[in-house]
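Okay, thanks for squeezing me in. I'd like to walk through some charge pairs and then one helix, so let me put the structure up.

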Amino acid sequence: TISSAFATLSNEHEVRAAAIVRRVLADGDDRRPLYVSLSHAVGGAGLLQRENAAILNASLGALAANTFGALRAAVAASFTDATELPPLLLTHNDGTSIALDAALHTPILTFGAAITNSMRGAALLAGVGTSGGSGGSGGGDSSSGGVVAVDIGGTSTDAGFLQPSGFPRLNVGRIDIGGVTTTFRMPHVTTCALGGGSVVAYVDGNVTIGPTSVGSDFSTKAIMCGGDVCTLSDVAVAAGMCAPFDAAYVSIRNVRSIRARVVAALGGEQRAIDDVISTMRTILKRNIDALKTTSSDIDVLLCGGGGALI
């Protein structure tokens, strides 16, 4: 890693130092790939924060080379003529795009793009940021085109604010990654341990949702799939909010059976289902409210497989 003072104003010293490092180390006997991380390419203001960013970026060099190489090979396998291979693009953490070859030098700028992809996809499908899109019609924050995108997965829920442009609103200030302070351009996101596979418990009228999740074992452990673990998806099916995810449990008889098993798993109290749903909505509202800039209502775009829960 190479960091110099005021590199964000002039990167000349870092670029020259990188050229020297590559020239000297290329003459050695060690032919392993050389990853040179420059602070001005990945960090913002603040020397220490840029140094941290450069170190994190360098640590991802080998992983990025393997992962991006596998991606390129998988896409190339779909084309009989290599000359027909289209340009490969990845998503930056801030929602913009970057060529795959360029991302090899700055992989740290793509590591948090999962929620960004969901937000940008939701914006595209809903027409946010396009001339034909409504950009929200519910008043309040939505009147200016801003909406909240909520991505509900199997284990957690991420929510972010989409600006009228269709790009996520960025977090202002420092970003802590595993206790390391950086200044990456990252979307302002709230996260909670609530997903379709979250394990639900009900004891003495107190509801607990997550953080434990059945994860990839949903198809064998969830009640609707014949298992014995009560998940948030099971509660949603029992409440009539959505249909079972497994085709073997679609009949009305089996839906009733699922409800009975869910009630039994929650201590046998019929009101437990309503209490769980109420708690789930309170958690989601809290995360959405944290993104709002006014007290007015705001439109919400649901994405992710767990969107059926709402």
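**Salt bridges, then a helix**

So, this one holds 7 salt bridges, and keep in mind that we're looking at a predicted model. Quick reminder of the background: side chains of opposite charge can pair when their charged atoms come close. I'll go through a few of them.

Let's start with Arg 72, which makes a salt bridge with Asp 101, and the closest N and O atoms there are 2.5 Å apart. What I like about this pair is that it ties together distant parts of the chain: Arg 72 sits in helix α4, residues 61-76, while Asp 101 sits in helix α5, residues 100-103, and the two are 29 residues apart. Is Arg 72 buried, exposed or something in between? It's partly exposed, at 31% relative accessible area. Asp 101 is partly exposed too, with 48%, and since exposed means over 50%, that value stays within the middle class.

Next up, Asp 217 with Lys 221. Here the closest N and O atoms are 3.7 Å apart, and the cut-off for a salt bridge is 4 Å, so this pair still counts. On accessibility, Asp 217 comes out partly exposed at 33%, and Lys 221 is also partly exposed, at 37%.

Now over to helix α10, where Asp 275 and Arg 271 meet through their side chains in a salt bridge, 2.9 Å from N to O. Why about one helical turn between Asp 275 and Arg 271? Because they are 4 residues apart in α10. Asp 275 is partly exposed at 22%; buried would need under 20%, so Asp 275 just isn't in that class. Arg 271 is partly exposed as well, with 46%. And this isn't a lone pair: Glu 269 joins Arg 271 and Asp 275 in a network of salt bridges.

While we're on α10, let's look at the whole helix. It runs over residues 271-289, so 19 residues, and spans 27 Å from its first C-alpha to its last, close to the 27 Å expected at 1.5 Å a residue. Which of its residues are buried? Ala 272, Ile 273, Val 276, Ile 277, Met 280, Ile 283, Leu 284, Asn 287 and Ile 288. These cover an arc of only 150 degrees around the axis, so they end up on the same side of α10. Flip to the other side and you find Asp 274, Lys 285 and Arg 286 exposed.

That's my bit, happy to rotate the view for anyone.

How values were computed:
Residues numbered from 1 in each chain as written. Predicted model: local features only at pLDDT ≥ 70, side-chain atom pairs only at ≥ 80, totals over all residues. Heavy atoms only, no water. Buried < 20%, exposed > 50% of the residue type's maximum accessible area, 1.4 Å probe, protein only. Arc of directions from axis to C-beta.
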